[in-house]
Amino acid sequence: MRTTEVALPAGAVGTTRAELVAGVRAWVDSPPMRALVGHFSGDWPAGDLSAVLAALDDFSARHWDFRGGRERPDAREPAFDPATVGLVLDAATALGLVRAVPPALPRYAHLLVLGGLAHACLRRTAYAAHLARTVTGVDGEVAVLGSFRALSPVESRLLADLGVHGCATEVDALDAGVRVAFGVDAPSEEIGETADHPHRAWSSRTYRPAGLPPVRVLAAPSGEPERRRAHTADTQRFWAGHVRLREGDPVLMVTAPIYVPFQHCDALRTLAVPFGCGIDTVGVDPALATPVRVPEPTLTAGRYLQEIRSAVRSMRGLHGVLAAG
């Protein structure tokens with residue numbers, strides 16, 4: 001039986017701040033979220049939406065944070081009983097972390113591809129090429145957004161096993177994915193700045209595949225280089241400045257289904273609210289064949305809870321910006 005999904009905050013062009021707040025409230029206060037909190041022995045928090053989001057952030061830190069500040073592959077895997085696993089998977093499906101859905105519009109101003117682990121870099125660039133060729137028109141550019149995060153030994157071995165060589169960082173893996181998926185060999189333009197620390201460096205390579213929009217592979221500097229590497233919001237802001245994003249531009253963003261809620265709300269906060277653009281976020285369809293046979297990761301109840309927590313935190317950040325006016 002198909003689980004009824006809870007809508008994410010709307011990302012259409014012209015969505016008002018009041019509608020975004022209502023969308024955050026509807027997702028957070030949905031029956032699946034209440035069921036999860038109750039199952040993990042929590043009382044539903046009292047107060048206004050700001051208080052509820054703060055309390056859920058704190059609750060999820062105590063019960064659903066298996067990373068402890070580490071990268072996602074290094075998160076511990078909790079042991080749950082079958083009833084808990086079933087409840088979590090049902091909730092994740094209802095909250096929009098499981099199923100891939102098609103783009104809502106026939107054309108977009110730009111198509112964004114978000115980076116990630118090495119296998120995701122190959123899978124998402126392949127899906128973006130599929131969308132640009134057969135599903136939706138792109139009037140501006142395909143922008144592939146990553147960072148100079150060093151690949152782990154596991155990621156490097158995976159790429160080598162797939163015959164993809166010469167990649168040391170996330171943006172290298174994205175660039176390799178673009179070359180394979182879009183059938184290009186060398187960039188037509190390459191600019192950037194080196195720095196004394198990789199958190200401060202940036203690079204931009206633009207490819208021009210025949211019959212398709214230009215493809216820009218962008219590595220952004222960190223917004224807090226003394227503390228951390230660049231994250232998704234940094235890359236989105238950096239790209240918006242480079243492309244001169246305009247009010248009313250509809251933007252399609254590609255990630256993995258499990259990350260759609262949190263990355264969609266991050267994009268609403270960093271792009272839709274300040275620039276007045278539209279945001280439509282879709283997850284890669286795992287049934288689609290890719291040029292490079294990338295293994296599918298195992299998604300567990302612990303992984304889904306971790307990303308439900310990420311979505312709560314992202315919605316808290318979005319609500320904070322909306323409340324500040």
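Helices here are DSSP runs of H or I with at least four residues, strands are DSSP runs of E with at least two, and both are numbered from the N terminus. This is a predicted model, in which local features need pLDDT of at least 70 and side-chain atom pairs count only at pLDDT 80 or more, while totals for chains, interfaces and linings use all residues. Residues are numbered from 1 along each chain as its sequence is written, and side-chain values use heavy atoms, with hydrogens and water left out.

**Stop 1: Asp-57 and helix α3**

Start by selecting residues 49-63, which make up helix α3, and pick out Asp-57 within it. The helix has 15 residues and reaches 21 Å from its first C-alpha to its last. That is close to the 21 Å expected at 1.5 Å a residue, where the expected span is 1.5 Å times one less than the number of residues.

Is Asp-57 buried or exposed? Asp-57 is buried, at a relative accessible area of 11%; buried means under 20% relative accessible area, exposed over 50%, and partly exposed in between, with a 1.4 Å probe and protein chains only. Now show the side chain of Arg-316: a polar contact of 2.9 Å joins it to the side chain of Asp-57. (A polar contact is a pair of N or O atoms within 3.5 Å; within protein, one must be able to donate a hydrogen and the other to accept it, and residues adjacent in sequence count only if both atoms are side-chain atoms.) Setting aside neighbours within four places in sequence, Asp-57 is in contact with Arg-309, Val-312, Arg-313 and Arg-316, contact meaning heavy atoms within 4.5 Å.

Asp-57 has buried company in α3, including Leu-49, Val-52, Leu-53 and Leu-56. To see what covers the buried residues of this helix, add α1 (17-28), α2 (31-39) and α10 (301-324), which are among the covering elements.

**Stop 2: Val-28 in α1**

Next, select Val-28 in helix α1. Val-28 is buried, with a relative accessible area of 1%. Leaving out neighbours within four places in sequence, its contacts are Met-33, Trp-44, Val-52, Leu-53, Leu-56 and Met-315. Try a C-alpha distance to Leu-95 as well: the two residues are 67 apart in sequence and 9.3 Å apart in space.

**Stop 3: the sheet**

Switch to a cartoon view and look for seven strands forming an open sheet in the order β5-β6-β7-β4-β2-β8-β9, with mixed pairing. Strands pair if DSSP finds at least two bridges between them. At the edges stand β5 (189-193) and β9 (278-283); each has a single partner strand, so one side of each is left without a neighbour in the sheet. Ignoring direction, neighbouring strands are turned by 15° against each other on average.

Zoom in on β2 (residues 110-114) and β8 (residues 250-255), which pair in the parallel sense over four bridges. Here His-110 has Val-251 in β8 as its bridge partner. Moving on to β9, six bridges join this strand to β8, and the two run parallel. Leu-252 stands opposite Asp-280 in β9.

How many of the six residues of β9 are buried? Six of six are, so the strand is mostly covered. Gly-278, Asp-280 and Val-282 lie on one side, with Ile-279, Thr-281 and Gly-283 on the other.

Now bring in the helices. Helix α7 (residues 170-182) lies across β4 (142-146), β6 (202-207) and β7 (215-219), running at about 170° to β7. Helix α8 (residues 232-243) packs on the sheet and touches β2, β4, β6, β7 and β8, its direction making about 130° with that of β7. (Axes are lines fitted to C-alpha atoms, for helices over the stretch in contact, and angles run from 0 to 180 degrees between N-to-C directions.)

**Stop 4: the cysteines**

A disulfide is a pair of cysteine sulfur atoms within 2.5 Å, and a search of the whole structure finds zero. For Cys-121, the nearest cysteine sulfur is that of Cys-167, 8.7 Å away. Cys-121 is buried at 0% relative accessible area. For Cys-265, the nearest cysteine sulfur belongs to Cys-277, 14 Å away. Cys-265 also counts as buried, at 0% relative accessibility.

**Stop 5: two positive phi values**

Most residues other than glycine have a negative phi. Select Ser-41, in the loop between α2 and α3, where phi is positive at about 65°. Ser-41 is exposed, with a relative accessible area of 69%. Finish at Arg-244, in the loop between α8 and β8, whose phi is a positive value near 60°. Arg-244 is exposed, at 70% relative accessible area.
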